[in-house]
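Here's a quick back-and-forth about how some labels get attached to a structure. Have a look at it first, then we'll go through the reasoning.

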Amino acid sequence: MSIDRVRAYFKEFGMEENIQEFEVSSATVELAAAALNCEPERIAKTLSFQVEERVILIVAAGDARIDNRKYKAQFGAKARMLSPADAQARIGHAVGGVCPFAVNKGVEVYLDVSLKRFTTVYPACGSANSAIELTIPELETYSGYRDWIDVCKEYPA
């Protein structure tokens, strides 16, 4: 299972006990916020895209939406999300549990600036009923991100 892969990854850092698993689904921003009893915008959703042969993950705030113009300026291509089948095969995590941790080799991770307004955020951990609370510096460390980018529309203040 994908969550086991993420748990093993976080065990390397002594963080595996910080992973939360729920009796209910956390597969969407709204469900995750309800399971965690937090604001939806603090859910660090991980969106999966294909740019030519590359697979990229963009971690963004729960209330952020991709701005196609900004995305094309950043990556030189139109935003094309992976299908659920492709996500599982190419990233190593199924839709609903996609996260930037313990991903397949070659997957590129980017963090969107929409996350910078929070002290802590909640990304998934490889399953549709899991999350971990991380500070922004922890997210940088554990995600293996390449860069901070700005590819989302203006989000509510």
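Q: Which residues of helix 3 are exposed, on the side away from its buried ones?
A: Arg69 and Ala73 are the exposed ones there. The label takes over 50% relative accessible area, and the model they come from is a predicted one.

Q: And which residues of helix 3 are buried?
A: Helix 3 spans residues 68–75, and Lys70, Tyr71 and Phe75 are buried in it. For that word, the relative accessible area has to be under 20%.

Q: Why can you say that the buried residues of helix 3 line one face?
A: Look down the helix axis: the buried residues of helix 3 fall within an arc of 110°, so they sit along one face.

Q: What covers the buried residues of helix 3?
A: The cover includes strand 2 (43–51), strand 3 (54–61), strand 4 (108–112) and strand 8 (147–149).

Q: What makes the Asp67–Arg69 pair at the start of helix 3 a polar contact?
A: A side-chain oxygen of Asp67 comes to within 3.0 Å of the backbone nitrogen of Arg69. The cut-off for such an N or O pair is 3.5 Å, so this one qualifies. Just after helix 3 comes Gly76, with a positive phi near 70°.

Q: Why is Asn37 called exposed?
A: Its relative accessibility is 74%, and exposed means over 50%, so Asn37 makes the cut. Asn37 belongs to the loop between helix 2 and strand 2, and its phi is positive, near 55°, though the residue is not glycine.

Q: How do you know that Glu52 counts as exposed?
A: Same test: with the bar at over 50%, a relative accessibility of 66% puts Glu52 in the exposed class. Glu52 lies in the loop between strand 2 and strand 3. It also has a positive phi, about 55°, without being a glycine.

Q: Which residues are closest to the centre of the largest pocket?
A: Ala27, Lys45, Thr46, Gly96 and Val98, out of 22 lining residues. The space in that pocket is about 360 Å³.

Q: What supplies the largest share of the lining of the largest pocket?
A: Strand 2 does, with six residues. Helix 2 (29–36), strand 2, strand 5 (120–123) and strand 6 (130–131) each give at least two.

Q: How many residues of each class are in that lining?
A: The lining of the largest pocket has 14 nonpolar, seven polar and one charged.

Technical notes:
Residues are numbered from 1 along each chain as its sequence is written. This is a predicted model: local features need pLDDT of at least 70, side-chain atom pairs count only at pLDDT 80 or more; totals for chains, interfaces and linings use all residues. Side-chain values use heavy atoms; hydrogens and water are left out. Buried means under 20% relative accessible area, exposed over 50%, partly exposed in between (1.4 Å probe, protein chains only). Helices (H or I, at least four residues) and strands (E, at least two) are DSSP runs, numbered from the N terminus. The arc is that of the directions from the helix axis to the C-beta atoms. Contact means heavy atoms within 4.5 Å. A polar contact is a pair of N or O atoms within 3.5 Å; within protein, one must be able to donate a hydrogen and the other to accept it, and residues adjacent in sequence count only if both atoms are side-chain atoms. On a 1 Å grid over the protein atoms alone, a cavity is a set of points where a 1.4 Å probe fits but cannot get out, and a pocket is an open set with protein on both sides within 12 Å along at least five of seven lines; lining residues have an atom within 4 Å of a point. Grid points are joined across faces, edges and corners, and a volume is the space filled by probe spheres set on the points. Ala, Val, Leu, Ile, Met, Phe, Trp, Tyr, Cys and Pro count as nonpolar, Asp, Glu, Lys and Arg as charged, and the others, Gly among them, as polar.
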